[in-house]
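Work through the exercises below with the structure open. Try each task before reading its solution.

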Amino acid sequence: MRFAFILLLILVSPFLFAATRSADLQTSLPLFPANNWWNTDISAAPVDTNSGAYITFIGPTRGLHPDFGGDAGGGDVYGFPVIRVDGQQAKKTIDFIWWPDQSDGVDHTTETPVPFYPVPPEAITQTGWVEGGQPGNVDQRDDSDRHILIVDETNNRLYELYNVWWNGTQWEAGSGAHWYMNRNDRRPDTWTSADAAGLAILPGLVRYDEVNNPGEIRHALRMTVRTTNGYVYPASHRAGSTSGALPMGARLRLKASKDISQFPASVQKIFRAFKKYGLIVADNGSDMYISGTYDTRWNNDILNPAFSALKASDFEVIQLGWAPSVALVASMAPSAKSGSPSNLTVTAYDVNGNVATNYRGTVQFTSTDTNATLPASYTFTAADNGTHFFPNSVTFQALGAQVLSMKDAAVATITGSTGVNVLPIQPLQMSTVWACFHYGNRTAADAHMNARNLDATLVDTGDPSWPYVVVERWRCDFCVQDPEPLFNAWPRPPDFTPATNDRIVTGSDGTVLVVRKRGPGQSLRSTVIDREEP
């Protein structure tokens, strides 16, 4: 066993906080709280009475298209680039050309922009940082939406800009918005965002890391249609008034009866999200285009034929503006050890995001880990006041990404879920450590020896103040003797020459030990640095 001190120096340098162009976020998934509209389970939501007419307007044979991918050549890209920054990224002012009155980062008393958006300088001159791919200093505002999406991972904030251009001295944009990703803030009614519906873009994107890592996609996905008519919850802004068209914020759901088993596994995962969380109409564009991230790992030779095999007629429109009357939110640690119990708290929230103190439903629990131990069905009472704590109630067995799901026994639309990463229990790295206890007389030392029996060794130190030391043999993964002893013991290294007052004794397991009194001001650890057990 080796004891040593490690001095860790943390160097603060701007180079440690460089912006990154990557959608593999370090932020917990899914983005935003579990009861956010993007994360709402709509699998049991009612179908809108005009669903068939809306699908007819789109065109029943219209196929889906993945509006994302990798490089398109010449610096152009498919999909939305995602920029990750640190909280130290400098904030920039944005000159909003179209909707300053509906944009964040503006002093609305004077409609004057203020430093607000952490746009990295790479976006000015480098390709692949702005939607479309060309650098920000290339003016393509008339030809492309030119979004910028930025995640501040230090502060869990999302910044989004629409129709950007670096004019040589200043960033310009059509509109901009930001969100705290641990809250359910909705844009004021009639306000846009960087998206026509007034919604955030990032939480609705198909992301490579979610599709290809363990676990399910647990949120709705963003889609466009060629024209829209007004808006409904959760949208806040209109961008059209075409009779018969879907409104912004409308949700489409892949029919539960649609067989998706013939598709590749990664595509099946996307299509399962279509069934459980659906698609949200967020912008005008091409019909049935599904938004995703720019990522060179996408394989469009797989995605394009798979998406086009689904038609608009395979979908149904759920009741416009629908939201569950109650949402169940589970709170537990994001990771757990296999076989170890975890605490769980379940809170019911009403449609306005307030704790539903009058909720009296019976909650049932299921898990992707079929061998998990879960709480028994529980009926909320008045004493719960909308929240119930289940101590040591969840024990996962299967490793990897697991999901704990909840549903009301009587109301199918009252649901909730949380993801947990289940880790293996690491075997303890057991080591032998020799602990020393000093005594001023033999009677006290003998009493200690009698209590410890075979795991202790008596040492005659020759020290006038502390003539006796009992050395205990400890087997443990991490040992700390507190308070620190006056004597130290360690296995005698080969060719070791004892000092004058050292004692060489045989420990209880036959190990030859060196026993030494600590010098003035010397700590236990400083005397055993770099001593290694054979």
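**Exercise 1: a loop residue**

Asp-495 sits in the loop between strand 30 (487-491) and strand 31 (503-506). The model is a predicted one. Task: decide whether Asp-495 is buried or exposed.

Solution. Take the relative accessibility of Asp-495, which is 81%. Exposed means over 50%. Asp-495 therefore counts as exposed. Now check its backbone: phi is positive, about 60 degrees, although Asp-495 is not a glycine.

**Exercise 2: two packed helices**

Task: find how helix 4 is oriented to helix 5.

Solution. Start with the geometry. Helix 4 (residues 265-276) and helix 5 (residues 300-309) pack at an angle of about 40 degrees. Their axes are 11 Å apart. Angles under 35 degrees count as roughly parallel, and 65 to 115 as roughly perpendicular. Helix 4 is therefore oblique to helix 5. Next, list the contact. Helix 4 brings Val-267, Ile-270, Phe-271 and Phe-274. Helix 5 brings Ile-302, Leu-303, Ala-306 and Phe-307. Last, sort the residues of this contact: eight are nonpolar, none polar and none charged.

**Exercise 3: one face of a helix**

Task: work out where the buried residues of helix 1 fall, seen down its axis.

Solution. Name the buried residues of helix 1 (residues 51-58): Ser-51, Tyr-54, Ile-55 and Ile-58. Seen down the axis of helix 1, they fall within an arc of 100 degrees, so they line one face of the helix. Then find their partners. The buried residues of helix 1 pack against strand 14 (221-225), strand 15 (251-254) and strand 18 (315-317). Finally, step past the helix end: Gly-59 follows helix 1, with a positive phi near 115 degrees.

Technical notes: Residues are numbered from 1 along each chain as its sequence is written. This is a predicted model: local features need pLDDT of at least 70, side-chain atom pairs count only at pLDDT 80 or more; totals for chains, interfaces and linings use all residues. Side-chain values use heavy atoms; hydrogens and water are left out. Axes are lines fitted to C-alpha atoms, for helices over the stretch in contact, and angles run from 0 to 180 degrees between N-to-C directions. Helices (H or I, at least four residues) and strands (E, at least two) are DSSP runs, numbered from the N terminus. Angles under 35 degrees count as roughly parallel, over 145 as roughly antiparallel, 65 to 115 as roughly perpendicular and the rest as oblique. Contact means heavy atoms within 4.5 Å. Ala, Val, Leu, Ile, Met, Phe, Trp, Tyr, Cys and Pro count as nonpolar, Asp, Glu, Lys and Arg as charged, and the others, Gly among them, as polar. Buried means under 20% relative accessible area, exposed over 50%, partly exposed in between (1.4 Å probe, protein chains only). The arc is that of the directions from the helix axis to the C-beta atoms.
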